[in-house]
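Here are a few exercises to work through with the model open beside you. Try each task before you read its solution.

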Amino acid sequence: MRAMNFLMPFCLWALAACGGPSGETAAPAPEAAPRDSAVDGAMPAADLVFWGGTIHTANDNQPIVQAVAVQAGRIVFAGPQAGAGIWVGADTRVIDLNGGAMYPGFTDSHVHVMGVGARERTLNLDDVTSIAGLQTRIAEAVAELDAGSVLFGRGWIETHWPEGRFPNRHDLDAVAPDHAVILTRADGHASVANSLALQQAGIGADSVAPDGGEILREADGEPDGMLIDAAQYAVGALVEQPSGSVRADTYAQGAQVMASLGWTGAHDMSVPYEDVAMIEALAEAGRLPIRDYISINPDGYSRLAVETPRIAADGLVITRAVKMYMDGALGSRGAALLEPYSDRPESSGLLFPEGDEMLGVMAEALRSGVQINVHAIGDRGNRVLLDWVEEALVAVPADERALPEHRWRDEHSQIVDPDDIPRFAELGVIASMQPSHAIGDLYFAPARLGEDRLAGAYAWQSLLDAGARLIGGSDAPVERGDPRIEFYAATARASLDGFQGDDWHGEEALSRQDALKLFTAWPAHASFREDELGMIEQGMIADLTIFSADIMTIPEAEILTVQPWMTVVDGEVVFEAPDAFHQSDEG
């Protein structure tokens with residue numbers, strides 16, 4: 001079982017029956033004597049039966065059930081606990097949730113699985129809190145390197161640093177003058193390089209930034225080491241890319257990390273087309289523990305267009321989308337804004353693609369059935385994207401389209417002019433948003449945007465109220481990639497320590513019922529699989545996430561403390577914590 005030049009990140013290594021009413025307490029587990037279906041003539045016994053805890057279905061017609069039975073990868077029963085015993089046979093594994101709670105499998109609707117794996121294998125700077133701390137980490141790392149080798153790291157973000165600025169080449173030179181050092185910001189849209197790396201990449205005072213990029217400079221015109229978006233490519237070429245078995249192992253490791261956190265599926269962004277076969281092979285070999293829905297890089301569009309959707313491993317891996325880029329990131333001031341940045345009035349960000357080229361691809365995609373997923377963060381980036389979608393839909397009549405619903409996606413949809421919010425529903429554009437971006441960006445977005453533009457920032461509830469379809473992801477490794485953090489962020493709209501800020505529009509937080517669908521039912525629709533994924537219902541594929549407590553009812557802060565107990569994909573347990581269901585307390 002189991003011919004385009006749009007901007008993309010410079011390296012993926014740098015860069016996812018009837019039940020009781022809501023709240024009903026489950027009845028004690030019934031006595032379930034093993035039976036032999038060959039003898040009693042009944043239907044075959046289930047492989048797995050769950051009871052003894054709250055089971056949320058994400059199905060409005062039956063939001064909570066008491067028991068679930070799984071057979072051959074499908075849910076064969078979801079209903080009252082008294083009806084589940086019939087499914088128990090000699091070989092059935094009966095799981096008493098024992099205080100835990102179960103949900104449809106959580107899907108990370110925007111993640112870079114390779115990047116998650118790479119984060120486990122490279123210099124991770126997520127926890128650096130100052131430039132001084134960055135220098136310490138660099139010095140420790142280069143001490144372990146061979147002479148002349150390149151140091152690459154990722155994950156720093158300067159917004160809380162006491163120095164109040166980006167790092168520069170001099171900071172890096174002071175502790176690592178003899179190694180090329182390239183450190184990518186957490187968002188993947190900016191990097192800092194030391195002098196040796198700049199020299200080896202041929203970046204100097206006379207260098208001209210490529211389209212879609214910016215080289216930050218000192219007063220004398222020399223580069224200061226900060227490279228924005230496309231300007232990173234030259235130094236990125238110095239970083240050795242994993243290949244062969246190392247690349248496959250890195251990818252498998254990223255998928256396993258996701259499964260251990262409770263994710264059952266990934267909408268995997270910016271995947272080189274050449275990697276698709278590798279990912280499919282991992283799945284066929286039983287080394288891919290999660291479901292993978294792939295958006296390839298634009299240069300593979302022509303190959304995908306003739307075979308979309310590409311399906312492997314009984315649907316565990318599906319490739320039918322292309323990821324494109326409209327602008328950069330807000331933190332590095334590359335997001336394209338309608339008006340200049342409040343804290344850098346000489347810049348309005350970067351808009352990448354040419355209209356004619358993008359519109360041509362969109363028209364072709366409507367005819368071929370390829371899904372178009374476009375990174376857009378700034379209000380200008382989002383408006384231009386919506387404009388181009390509208391033009392493409394006019395250019396290609398409905399009877400010429402491959403699909404009745406194109407289900408194109410605006411990846412991030414972070415800063416949207418309020419006038420453009422209704423257009424998402426009108427144009428059938430899905431807002432693919434990452435809740436953790438809002439609780440991280442709240443520390444610097446007010447400075448970048450000013451108070452007025454915050455009205456359309458991370459506007460989850462406004463988009464929902466306007467009829468738009470939403471899906472939720474993490475953008476890991478940009479963010480940690482933890483479903484608990486994402487669910488908390490969507491419902492609390494506050495930092496991990498509870499800070500929100502007076503101008504952060506708490507009314508945009510989602511209800512827990514909608515937040516559950518944000519990671520379950522709605523991603524299934526966005527991947528054209530709503531008929532078989534995203535809910536706990538008879539006939540659905542058995543992708544299930546189990547946490548140690550009920551995130552639908554516990555206090556907000558406690559959402560961050562629940563433990564992933566079990567992850568089930570296609571009816572198979574792909575992760576189980578050692579102390580799941582309090583097993584460690586048993587005699």
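**Exercise 1. Find the loop that holds Pro 477, then describe the peptide bond leading into Pro 477.**

Step 1: Pro 477 sits in the loop that links strand E20 (470-472) to helix H16 (483-492). Helices (H or I, at least four residues) and strands (E, at least two) are DSSP runs, numbered from the N terminus.

Step 2: Look at the bond from Ala 476 to Pro 477, which is cis with omega near 10°.

Step 3: Now do Pro 309, in the loop between helix H9 (301-305) and strand E15 (310-312). The bond from Thr 308 to Pro 309 is cis too, and omega there is near -10°.

A word on what you're looking at: this is a predicted model, where local features need pLDDT of at least 70, side-chain atom pairs count only at pLDDT 80 or more, and totals for chains, interfaces and linings use all residues. Residues are numbered from 1 along each chain as its sequence is written, and side-chain values use heavy atoms, with hydrogens and water left out.

**Exercise 2. Work out how confident the predictor is, and where pLDDT stays under 50.**

Step 1: pLDDT is the predictor's confidence in each residue, from 0 to 100. The protein averages 91, and 92% of the residues score at least 70.

Step 2: The stretch under 50 is residues 1-41. For that stretch the model has 138 contacts beyond four places in sequence (contact means heavy atoms within 4.5 Å).

**Exercise 3. Trace the open sheet of six strands and find its edges.**

Step 1: The strand order is E7-E8-E9-E10-E12-E11, and the pairing is mixed. Two strands pair if DSSP finds at least two bridges between them.

Step 2: At the edges are E7 (123-124) and E11 (213-217). Each has a single partner strand, so one side of each is left without a neighbour in the sheet.

Step 3: E11 and E12 (residues 223-229) run antiparallel, joined by four bridges. In one of these strands, E12, Pro 223 is the bridge partner of Arg 217.

Step 4: Stay in E12 and find Asp 229. Asp 229 isn't a glycine, yet its phi is positive, about 50°.

**Exercise 4. Describe how helix H10 (residues 355-368) packs with helix H11 (residues 379-395).**

Step 1: The angle is about 50° and the axes are 9 Å apart. Axes are lines fitted to C-alpha atoms, for helices over the stretch in contact, and angles run from 0 to 180 degrees between N-to-C directions.

Step 2: H10 and H11 are therefore oblique to each other (under 35 degrees counts as roughly parallel, over 145 as roughly antiparallel, 65 to 115 as roughly perpendicular and the rest as oblique).

Step 3: H10 brings residues including Met 358, Leu 359 and Met 362 to the contact, while Trp 388 and Val 389 are among those from H11.
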